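Dear colleague,

I am passing on a structure for you to look at, and my notes on what was found in it follow below. Please read them with the coordinates open beside you.

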Amino acid sequence: MTDQTIETTTEDERETWPALIKGFRCKCPNCGEGKLLHSYLKVNDSCSNCGQELFHHRADDGPAYLTILLVGHLLAPALHVSYVHWRPDPWTMAIGFSIACVALSLFLLPRLKGAVVAYQWARHMHGFEKSA
């Protein structure tokens, strides 16, 4: 009996996890060297290192949604644990968790935008299939 497996991978297949890691580091999903973002959240039109076109992305509200989801899921248990174990003053908790929420959101938002753009690149979405 002969092996009759069908090869499903193509030459143009892009690995998703390495691209997501590069995007989370705010680097080009193709080469991992060039900057993905300029200013705070603006995606460069193309990579300065490899020339990969990046203007095809459609990140829209995805990074903001993911940021809210992660920050909420990280800080809600922390809020509960700190209240149950230490019973701090309400103003102390409000100020502390407000600072933590803002800091974590500002840290995660550009990184999650990079990951969303990299995911779209890896999956050939929104015009990324035509670029090399």
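A residue is called buried here when its relative accessible area is under 20%, exposed when that value is over 50%, and partly exposed in between. By that cut-off, 32% of the 132 residues of the protein count as buried. Please keep in mind throughout that this is a predicted model.

As to the overall layout, the protein has 3 helices and 2 strands, and from the N terminus on these elements run α-β-β-α-α. Among the contacts with a separation of 6 or more, 58% are accounted for by residues 24 or more positions apart. One pair that is distant in sequence is Trp17 and Ala115, which are separated by 98 residues along the chain while their C-alpha atoms are 9.7 Å apart in space. Trp17 itself lies in helix 1, residues 16–24, and counts as exposed because its relative accessibility of 66% is over the 50% cut-off.

Helix 2 covers residues 62–86, and its 25 residues should span 36 Å at 1.5 Å a residue, which agrees with the 36 Å between its end C-alpha atoms. Within this helix, Pro63, Thr67, Val71, Leu75 and Ser82 are buried, and the buried residues of helix 2 pack against helix 3, which covers 90–122. An α-helix has 3.6 residues a turn, so residues three or four places apart point the same way. Just after helix 2, Arg87 takes a positive phi of about 45°.

Turning to the interior, the largest nonpolar core has 13 residues, of which Leu36, Val43 and Val117 touch the most other members; helix 3 gives the most to this core, with 5 residues. Leaving aside its neighbours within four places in sequence, Leu36 is in contact with a list of residues that includes Cys26, Cys28, Pro29, Val43, Leu54, Gly114 and Val117.

On the outside, the accessible surface of the protein comes to about 9,100 Å², of which 62% belongs to carbon and sulfur atoms. Tyr40, Val102 and Leu106 form a nonpolar patch on this surface, with about 280 Å² of accessible area together. Val102 has its place in helix 3 and is partly exposed, because its relative accessible area of 48% falls between the 20% and 50% cut-offs.

With best regards

Technical notes:
Residues are numbered from 1 along each chain as its sequence is written. This is a predicted model: local features need pLDDT of at least 70, side-chain atom pairs count only at pLDDT 80 or more; totals for chains, interfaces and linings use all residues. Side-chain values use heavy atoms; hydrogens and water are left out. Helices (H or I, at least four residues) and strands (E, at least two) are DSSP runs, numbered from the N terminus. The expected span of a helix is 1.5 Å times one less than its number of residues. Buried means under 20% relative accessible area, exposed over 50%, partly exposed in between (1.4 Å probe, protein chains only). Contact means heavy atoms within 4.5 Å. Patches are made of residues with over 30% relative accessible area and no salt bridge: like charges are joined within 9 Å, nonpolar side chains (Val, Leu, Ile, Met, Phe, Trp, Tyr) within 5 Å. Accessible areas come from the Shrake-Rupley method with a 1.4 Å probe; for residues, only the protein chains shown count as cover. A salt bridge is a side-chain nitrogen of Lys or Arg within 4 Å of a carboxyl oxygen of Asp or Glu. A nonpolar core is a set of buried Ala, Val, Leu, Ile, Met, Phe, Trp, Tyr and Cys residues joined through side-chain atoms within 4.5 Å.
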